[in-house]
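Visitor: Could you take me through one part of this protein in detail, starting with the parallel sheet and then showing me what lies around it? I work at the bench, so plain words and residue numbers would help.

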Amino acid sequence: MFAWFAHVGRVRPIMPHVVLILPTATYRAAEFVDAAAQLGAQITVASEDRPPLADGSGAPHVLIDCDSPESSADLIVAHADHHPIDAIVAADDQGVEIAAIAAGKLGLPHNPPFGVAATRNKAMLRRALAGAEVPQPAFGVVNTPEDAEAAVADLGAPAVLKPLGLSASQGVIRVDRPADAPAAADRIRRILITEGHSPGEPILVERFVPGIEVAVEGLLLDGKLEVLAVFDKPDPLDGPYFEETILIAPSRLHPEMIDEVVRVTEKATAALELREGPIHAELRVDGSRVVLIEVAARSVGGLCGRSLRFGLLGTSLETLILRRALGMPVAGLRREGVASGAMMLPIPRAGVFRSVRGREEALSVPGVTDLEISMHPGDIVRTLPEGNRYLGFLFAKGETPQDVEDSLRLAHGKLEFVID
Ligand SMILES: Nc1ncnc2c1ncn2[C@@H]1O[C@H](COP(=O)(O)OP(=O)(O)O)[C@@H](O)[C@H]1O
Ligand SMILES: [Mg+2]
């Protein structure tokens, strides 16, 4: 008996250890660091810079380069020699390949690096999905403005031109005639140069799919998709540029259409052989046809995840992702019963951001729960298709999706952005 107590006295508290891959540009470092603290998990931060104070000061750190997934993964694997790792979680797209490769080498549950790479390259994605007959827009991959024109003529206008590796609708342009394609392709090339990409990168040309757009937030466990939320995007996304604004859950689509949206999402994740961790898919619903626009091996971008809360305690999306990654139970963690939504605050014009007026008025709109401005005074802001950021994020809850939409629009109307 005594021996047993003596033994218990020496048992170390079991603290799981998670490596958080936090790209410099992520909006979500604090969310993930907080989630780990709440779960009593030790963290190591893997990032391209030393982590700033709020993002895990004092935590062990691995310096990585998101453009070199293999060698970055090796650095994380080497770190595991001294600090055994239970899970590796990437906050954003830039880290998902590193996480997949490193977790594979450490024998942790992981996605295949190829499938994850395909979620980061729009041409690879289209080809992989075409092989598995996942419904998606007709497409072509081109290298010159002349070929872009021929591709639009071939696919049929209207069409959408886009770069392969950018996000947040940056460089995504609709054209209504083949003759407009070369100018759009040139504009994309200039954007690629500004973003440090090679101007010779191919461009994806797709048939424009009309209809409404939804997003699926899900979590994969051993290849099975659990849907956390289906969001509507109630603002029309018809181009010529595609500024995302409002996301609201639950979706107001007919339940049968939601089932079809989920089926197409499952087909896409299966085609890429994704098995573990969060996914975020965007789909268009054109009448009864559901078409996959994109699927990513991460959760919803920006701060939009803050609009999701789960279970009785209001568990955050990041906590849910970490629980899953660490093999902790997540049963019963359904999205809360109310409707909720986020608005990515669009940039009204290009210039130098100075300030926001009307914060108090916006926050006092019934249903509005939070407002976060992510720009700093002096920041240069660009509109689409050149831009890739938002002024900030507005959050609301309500009894119905319509209530949430009304609150977000009313509150947005109270904000005035001073841009010189
Ligand atoms: N083929 C298409 N048909 C209709 N809309 C499209 C098409 N491709 C993209 N879009 C619109 O542009 C947005 C951004 O395109 P997407 O391929 O998702 O690139 P990103 O990685 O920048 O989000 C989509 O959410 C959608 O609204
Ligand atoms: Mg997208």
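Guide: Here is a walk that starts at the parallel sheet and moves outward from there. Please keep in mind that this is a predicted model.

Let's begin with the sheet itself. It is an open sheet of 4 strands, in the order β3-β2-β1-β4, and the pairing is parallel. The edges are held by β3 (61–63) and β4 (87–90); each has a single partner strand, so one side of each is left without a neighbour in the sheet. On average, neighbouring strands here are turned by 20° against each other, direction ignored.

Now look at the pair formed by β1 (residues 17–21) and β2 (residues 42–47). These two run parallel and are joined by 5 bridges. If you want a spot to click on, take Leu-20, whose bridge partner in β2 is Val-45.

Helices also pack on this sheet. Helix α3 (residues 69–79) touches β1, β2, β3 and β4, and the direction of α3 makes about 155° with that of β3. Helix α10 (residues 317–325) packs on the sheet too, touching β1 and β4; its direction makes about 150° with that of β4.

Next, the domains. The assignment for the protein chain lists domain 1 (2–110), domain 2 (112–131 + 209–301), domain 3 (138–207) and domain 4 (338–420). Between domain 1 and domain 2, the C-alpha centres lie 27 Å apart. Where these two meet, 10 residues of domain 1 are in contact with 9 residues of domain 2. Helix α4 (residues 96–106) gives the largest share of the domain 1 side, with 5 residues. By character, that side divides into 5 nonpolar, 2 polar and 3 charged residues.

From domain 2 we can step over to the ligand. Ligand 1 is surrounded by 19 residues, and the closest are Pro-137, Glu-206, Val-209, Leu-237 and Phe-242. Domain 2 and domain 3 each contribute at least three residues to this shell. Among the strands, β6 (159–163), β12 (277–286) and β13 (289–296) each supply at least two residues. The shell around ligand 1 divides into 10 nonpolar, 3 polar and 6 charged residues.

A few backbone details are worth a stop on the way. Ala-249 and Pro-250 are joined by a cis peptide bond, with omega about 0°, and Pro-250 is found in the loop between β11 (246–249) and α9 (255–271). Glu-133 has a positive phi of about 55° although it is not a glycine; this residue lies in the loop between α6 (122–131) and β5 (139–142). Glu-133 counts as exposed because it has 9 C-beta neighbours inside 10 Å. Ala-168 also has a positive phi, near 55°, and lies in the loop between β6 and β7 (173–175). With 17 other C-beta atoms within 10 Å, Ala-168 is partly exposed.

To finish, here is another sheet to set beside the one we started with. This open sheet has 3 strands in the order β19-β17-β21, with antiparallel pairing, and its edge strands are β19 (380–381) and β21 (416–419). Strand β17 (residues 351–357) pairs with β21 over 4 bridges, and Phe-353 has Ile-419 as its bridge partner in β21. In the loop between β19 and β20 (392–398) you will find Pro-385, and the peptide bond from Leu-384 to Pro-385 is cis, with omega near 5°.

Note on methods
Residues numbered from 1 in each chain as written. Chains lettered and ligands numbered in written order. Predicted model: local features only at pLDDT ≥ 70, side-chain atom pairs only at ≥ 80, totals over all residues. Near = placed C-beta within 6 Å. Nonpolar A, V, L, I, M, F, W, Y, C, P; charged D, E, K, R; others polar. Domains from an automatic or database assignment. Pairing = 2+ DSSP bridges. Contact = placed C-beta atoms within 7 Å. Buried ≥ 20, exposed ≤ 12 C-beta atoms within 10 Å, placed from the backbone. Axes fitted to C-alpha atoms, helices over the stretch in contact; angles between N-to-C directions.
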